[in-house]
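Here is a short set of questions and answers on one protein chain. Look at the sequence and the fold, then read on.

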Amino acid sequence: EIGNFTLHDLGTLFKELLDIELDIFDHDITFNSISLLVSSTGLPLAGCITINGHTTTYGSISLSRDGIAIEGGVGDLEFEGLYVKNAQFDVFISSKLDSTCARASKCAIMGSVAFSGIELDVSVILEKTAEKLYWTICGELRGLVSTSKLVGELKDTFLDVSLERLALIA
């Protein structure tokens, strides 16, 4: 077991191992009870990870020349009255390579949201400033749903149509 450390500590390790600095990442991340795993694909770490106050039950950290990927389940989360079920962290902190990195930094939570009795697969994109944590939810429903399921007043009107795909942005 490696133990507990911060994102700053992980950035220092990243710099020592790969001689590359990480991009600026403004989210609060701490790592607890982290273990080093044996793998032929890289340098994976695993343990409890807390991001912006939400802690994983089990999370993984993967280091590569492109940056650091962080994943892990956090259960159900609530964002100002909107509940995300089976939430999973999907975080990537890009490196400052001389050439363009294949991926951009991101902090997202994946899961599902019930909206008007419909389950949608969603991604909650998080952006943090010094004052506040902002979030945007993007989701998609595949399959048929009628507009009257979303707005009851549309039932049996010409606006009660079936939609094959539905997008949610909140």
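Strands (E, at least two residues) and helices (H or I, at least four) are DSSP runs, numbered from the N terminus. This is a predicted model, where local features need pLDDT of at least 70, side-chain atom pairs count only at pLDDT 80 or more, and totals for chains, interfaces and linings use all residues. Residues are numbered from 1 along each chain as its sequence is written, and side-chain values use heavy atoms, with hydrogens and water left out.

Q: Which backbone nitrogen lies 2.8 Å from a polar atom of the N4 side chain?
A: N4 lies in strand β1, residues 3-6. Contact means heavy atoms within 4.5 Å. Beyond its neighbours within four places in sequence, N4 is in contact with F31, N32 and S33. The nitrogen 2.8 Å from the N4 side chain's polar atom belongs to S33.

Q: Is N4 buried or exposed?
A: Buried means under 20% relative accessible area, exposed over 50%, and partly exposed in between (1.4 Å probe, protein chains only). The relative accessible area of N4 is 56%, so N4 is exposed.

Q: Which strand gives the most to the largest nonpolar core?
A: A nonpolar core is a set of buried Ala, Val, Leu, Ile, Met, Phe, Trp, Tyr and Cys residues joined through side-chain atoms within 4.5 Å. The largest has 39 residues, of which I29, F31, I61 and I70 touch the most other members. Six residues come from the top contributor, strand β7 (residues 82-94).

Q: Which residue in β10 stands opposite I125?
A: Two strands pair if DSSP finds at least two bridges between them. β9 and β10 (residues 133-146) pair in the antiparallel sense over eight bridges. A hairpin of four residues joins β9 to β10. Opposite I125 stands T136.

Q: What is the phi of S116 in the turn between β8 and β9?
A: β8 (residues 106-115) pairs with β9 (residues 118-128) in the antiparallel sense, over eight bridges. F115 stands opposite I118. Two residues separate the strands in this hairpin, and S116 has a positive phi of about 55 degrees.

Q: Why is there no bond between the sulfurs of C48 and C107?
A: A disulfide is a pair of cysteine sulfur atoms within 2.5 Å. A search of the whole structure finds zero disulfides. C107 is in none, and its nearest cysteine sulfur, that of C138, is 14 Å away. The C48 sulfur is too far for a bond, because its closest cysteine sulfur, in C107, lies at 17 Å.

Key. Polar contact = N/O pair within 3.5 Å; in protein donor to acceptor, adjacent residues only side chain to side chain.
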